[in-house]
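Visitor: I'd like a close look at a single part of this protein, and I'm happy to hear a long answer. Here is what I have on screen.

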Amino acid sequence: MMERVRRGAAWVLDLIFPPRCAFCGTLLDGEREVCALCRDQLPWAAGQEGERKGEFFSRCVFPLRYQDMVRRGIHGLKFEGRSACAGVYGAMMARCVRERLEGPFHIVTWVPVSRARLRRRGYDQARLLAREVAEALGKHAMATLRKVRHNQPQSSLTGVSARRANALDCYRAVEPRRLAGRRVLLVDDVITSGATLSECARVLLSAGAAEVCCVTLAGAGKGGKKTGSVRPFAGETGHGRGENGRR
Ligand SMILES: [Zn+2]
């Protein structure tokens, strides 16, 4: 009986909000979550390509390269209110963690946005991703960091040292005693230079965490250079808004 109700509700929801591809936004036609075209062309990051080492985190793993439809998908999640994509992305990230990182992790957490940004956007995309990743790993996502300084968007800077300086002292640990001796899985949407993740990992370690590993949906070139532009999701105007990692 409950199953019928649930399926009925899903059917009604599909009518009101027809399912769209989590990467390009086109209406799905019998496919699940990702359209056939995107599924064929997703830039999977295989082997070493899907992994980065950092100064303060041991490893960062990611299933995809940050290009084309992946960039478009993340742009949709961050700036176009497509928070529903987080479920699909989070599932991919959790699979990546299971395949490439040695568990278990005591804490699943995320790189937070500032309060001002949160107010404007209404949600924190990394938190949404962390919630999905945690759920898939049988955990609850937990806030461990707070953004205390508003900095320039990392994507407006080139070069690792500029990005490092920009991320410095932007984050504080909340309730450090919960971190003592714990292995932490830190979630974000993209790794580019790794400066933000590294700074967050530094704060977590100095608050007492035993180890920090990271997972993101995608990884870009180390210099964090952007290539190409972002096309808006299908059916949306985009209003010429740039990407520029407005966190
Ligand atoms: Zn698609």
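How many residues does H4 have, and how far does H4 reach from its first C-alpha to its last? Take it from there and tell me what surrounds it.

Guide: Before anything else, bear in mind that this is a predicted model. H4 runs over residues 86-100, and its 15 residues reach 21 Å from the first C-alpha to the last, close to the 21 Å expected at 1.5 Å a residue.

Now for what sits inside. The buried residues of H4 are Ala86, Tyr89, Gly90, Met92, Met93, Ala94, Cys96 and Val97. They pack against quite a list of elements: strand E2 (60-61), helix H3 (68-79), H6, strand E7 (183-191) and strand E8 (211-219).

Let's take H6 from that list. It covers residues 125-136, and its axis lies 8 Å from that of H4, with an angle of about 50° between the two. At that angle the pair counts as oblique, because the value falls outside the roughly parallel, antiparallel and perpendicular ranges. As for handedness, H4 and H6 make a right-handed crossing. On the H4 side, the residues that meet H6 are Ala86, Gly87, Tyr89, Gly90, Ala91, Met93, Ala94 and Val97, while H6 brings Leu128, Leu129, Glu132, Val133 and Ala136. Sort the residues of that contact by type and you get 10 nonpolar, two polar and one charged.

Strand E8 is worth a stop too, since the buried residues of H4 pack against it. Alanine 218 belongs to this strand. It has 25 C-beta neighbours inside 10 Å, and a residue needs 20 or more to count as buried, so alanine 218 qualifies. Setting aside neighbours within four places in sequence, alanine 218 touches Phe62, Leu64, Arg65, Tyr66, Val70, Ile74 and Val190. There's also isoleucine 191, which is 27 residues away along the chain, yet the two C-alpha atoms are separated by 6.5 Å.

E8 leads us on to H8, because E8 is among the elements that cover the buried residues of H8. The others named there include E2, strand E5 (145-147), helix H7 (160-167), strand E6 (171-173) and E7. So E2, E7 and E8 turn up in the surroundings of H4 as well. H8 itself takes in residues 195-206, and its end C-alpha atoms are 16 Å apart, in agreement with the 16 Å that its 12 residues should span at 1.5 Å a residue. It's mostly covered, with nine of the 12 residues buried: Ala195, Thr196, Leu197, Ser198, Glu199, Cys200, Ala201, Val203 and Leu204. After H8 comes glycine 208, with a positive phi near 120°.

H7 and H8 give us another helix pair to set beside H4 and H6. Their axes come within 8 Å and cross at roughly 40°, which makes H7 oblique to H8. H7 passes H8 in a right-handed crossing. Here Val160, Arg163, Arg164 and Ala167 of H7 meet Ala195, Thr196 and Glu199 of H8, and the residues of this contact split into three nonpolar, one polar and three charged.

Finally, zoom out. The protein has eight helices and eight strands, and buried residues make up 42% of its 247 residues. Of the contacts between residues at least 6 apart in sequence, 76% join residues at least 24 apart.

Methods: Residues numbered from 1 in each chain as written. Predicted model: local features only at pLDDT ≥ 70, side-chain atom pairs only at ≥ 80, totals over all residues. Axes fitted to C-alpha atoms, helices over the stretch in contact; angles between N-to-C directions. Helix = DSSP H or I, 4+ residues; strand = E, 2+ residues; numbered from the N terminus. Parallel < 35°, antiparallel > 145°, perpendicular 65-115°, else oblique. Left-handed = near helix turned anticlockwise from the far one by under 90°. Contact = placed C-beta atoms within 7 Å. Nonpolar A, V, L, I, M, F, W, Y, C, P; charged D, E, K, R; others polar. Expected span 1.5 Å × (residues − 1).
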